[in-house]
Amino acid sequence: MTGRTRTVGWAMVAALTLAGCTAHPSAPPPRDRGGPAGGLRLVAFDSCDEALKQLRSAAKAAVGPWGFGPDGDVAPFAAAERASAAGAAKDAAGASTGGFSGTTVHEAGVDEPDLVKTDGRRIVTVTRGVLSVVDPVSRKLTGRLAIDPPSAQRFSGGDAGLLLHGDRALVLLPARWVAKPATSKGRPAPSAPEARLVLVDLAGPPKVVGDYRIDGSLVDARQVGATARVVVRSTPRLAFAPPPNGTDARRTAANRAVIARATLDDWLPRYEVREGGRTTGGRVGCDRVSRPAGFSGASMVTVLSFDLAATVLGTGDPVTVAADGDTVYSSGPRLYLTNDRRWWRAGTSSVRPAETTEIYQFDTRSGTPRYVAAGSVPGWLINQYALSEWNGHLRVATTTDDGRRRGTDSTSGVYVLRTDGAKLKPVGQVTGLGRGERIFAVRFLGESGYVVTFRQTDPLYTVDLRDPAAPRVTGELKINGYSSYLHPAGDGRLFGVGQEATDRGRVQGTQVSLFDVADPARPTRVARHHVAQGWSDAESDPHAFLYWAPEHLLVIPVTRPGVATDRAGGGVGAGEPGTGALALRVGDGGFTVAGTVEHPPALTDGVDWTRIRRSLVVGDVLWTVSDAGLKATGLAGMTTLAWLPTT
């Protein structure tokens, strides 16, 4: 799940004590009456009948002449999801332990799915539907398992992801469109996306021990210990067929008639589990569905919980919210879902809702996720890095009106919220950052925050968050270009990866910066490395960023490397257009090129070069990963040790 697109978020609800769906639960939850910003709530439906009634009502209000989305799709984000598969940059704190590097993640101890994982004993990758296992000691391929046929048609073109625990790997495959049987008599069902999860045993030759399929598209996942939370987004299975020559009013009326005939089966996700030679199916119960105020009925987000230490996958203990989501952030004990309703603002309605991001907080310390509180902030988030929990407070960075209406009145701010009963209440804020610009990167580190905005120049703001009630900007650094990912470098320093730009904001190629932020009042850039006309996956996906602190080594993939320069602007090397991984040593004097790594040409689809996707360290070896295979490179001297093709 990488690439540049909207990151769809998690949604979770309180575990209910109902044994099944009943018409009259013994203790009905309070009804949601809405309220001002900061007073949002998430509540369960009173009954199955009430759930269907409210879902129909909300969907009728949201549907237009061509369906729910601005382009007529049932799924408001389906067009964007088909164009690009994974979420916007997922933040990363360069987790590494012992003699190997882990996936670069936002919070230590909260793992995120990626196309390669290692525990130091083995390296596991999944590319083009094939899982490969490598022994980093012998540098040999020890296992290979075809999980998904190459011919499988994807609607997103996204990457598969991996989560690893002991001798088990959970493979998360991007959804594909499949034909579904009709759910109501006499009505055809439209094709719909189906997400698939595969549990693989790695104790011997890799083998599938569980296969889970559910209606919807895979959003994201998080893992704490052996527990994996997997999030799937689905839309109602409604076969809209508005008259092609009618008026918009007639088309909308026809779509509302379809909604009026729909049943709960048209909304609630169905799943199928294959394990132990048996296939069982089920559907999310309406007793496990909750909704926020102002929901549209156009989307549902389901959270599945799996114990990777167990012998079977099971049903996933699904819980569902009748809402959409944009971003997920997990601190470990708590998980936050946000929804900025941007598809409403992109729609055809003449009423443009305020730019507001709704935030839902859940307790994920054990068992089924439990809803705790909700709130809202002005504006929208760039990605999960715009959220951070520290000392019982949630810090949120947003941009309001980023110019999507071609305006220049955008502005950004940082808001601090605290849980008060069932509400996330704002306790402090600092606004007015980067007027006419939008946020490109955020990093919260303890009591400090760092925000990058950009339009023509790159202001790096330092924010003092020691007093939650009175956050304040303490420093500002203006340079050309921008950073789209910020990473802690230790000793009061910060890495930035993004693009160099001219005075007019024209990008000039990948730029790696080293900032000194020890004095928050006077942030400075002490070094930079520029790859002329280059671009790096690390600019939009922090999983592609590696900083191996024991060797002071920074590694990023680069495409079309050109002239590299040091902080003084002098040329230090040049390369022919191509692709590879760039390794930089980080010292007191700045960056020094340690070497570059290239993979043999794949010679597929008419392309005679291979794009390196990831890098990791095991012992004294740098491993680089592409769709074609893995290369082992010695950290001492950057010499090639082995090439292991996986295709």
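**Nonpolar cores and an open sheet**

In this predicted model, Leu394 makes contacts that reach well beyond its own stretch of chain: with neighbours within four places in sequence set aside, its partners are Tyr329, Tyr336, Ile359, Leu387, Ser388, Glu389, Tyr415, Val416 and Leu417. Leu394 also belongs to the largest nonpolar core, which has 26 residues. Together with Ile359, Val396, Ala397, Val414 and Val442, Leu394 is one of the residues that touch the most other members of this core.

Which elements give two or more residues to the core? They are the strands β22 (370-378), β24 (393-400), β25 (411-420), β26 (423-433), β27 (438-445) and β29 (457-464). The biggest contribution is that of β25, which supplies four residues. Another core lies apart from this one and holds 25 residues, including Cys48, Ala62, Leu268 and Ala298.

Attention now turns to a sheet. Four strands, in the order β35-β36-β39-β40, make up an open sheet with antiparallel pairing. In general, the strands of a sheet pair through backbone hydrogen bonds, and the pairing can be parallel or antiparallel. Why do β35 and β40 each have one side without a neighbour in the sheet? Both β35 (546-548) and β40 (590-597) stand at the edges with a single partner strand each, so one side of each stays free of a neighbour in the sheet. On average, neighbouring strands here are turned by 25° against each other, direction ignored.

At the β35 edge, the partner is β36 (residues 553-559): three bridges join these two strands, which run antiparallel. One pairing can be picked out by residue, since Trp548 has Leu553 of β36 as its bridge partner.

Methods:
Residues are numbered from 1 along each chain as its sequence is written. This is a predicted model: local features need pLDDT of at least 70, side-chain atom pairs count only at pLDDT 80 or more; totals for chains, interfaces and linings use all residues. Side-chain values use heavy atoms; hydrogens and water are left out. A nonpolar core is a set of buried Ala, Val, Leu, Ile, Met, Phe, Trp, Tyr and Cys residues joined through side-chain atoms within 4.5 Å. Buried means under 20% relative accessible area, exposed over 50%, partly exposed in between (1.4 Å probe, protein chains only). Contact means heavy atoms within 4.5 Å. Two strands pair if DSSP finds at least two bridges between them. Axes are lines fitted to C-alpha atoms, for helices over the stretch in contact, and angles run from 0 to 180 degrees between N-to-C directions.
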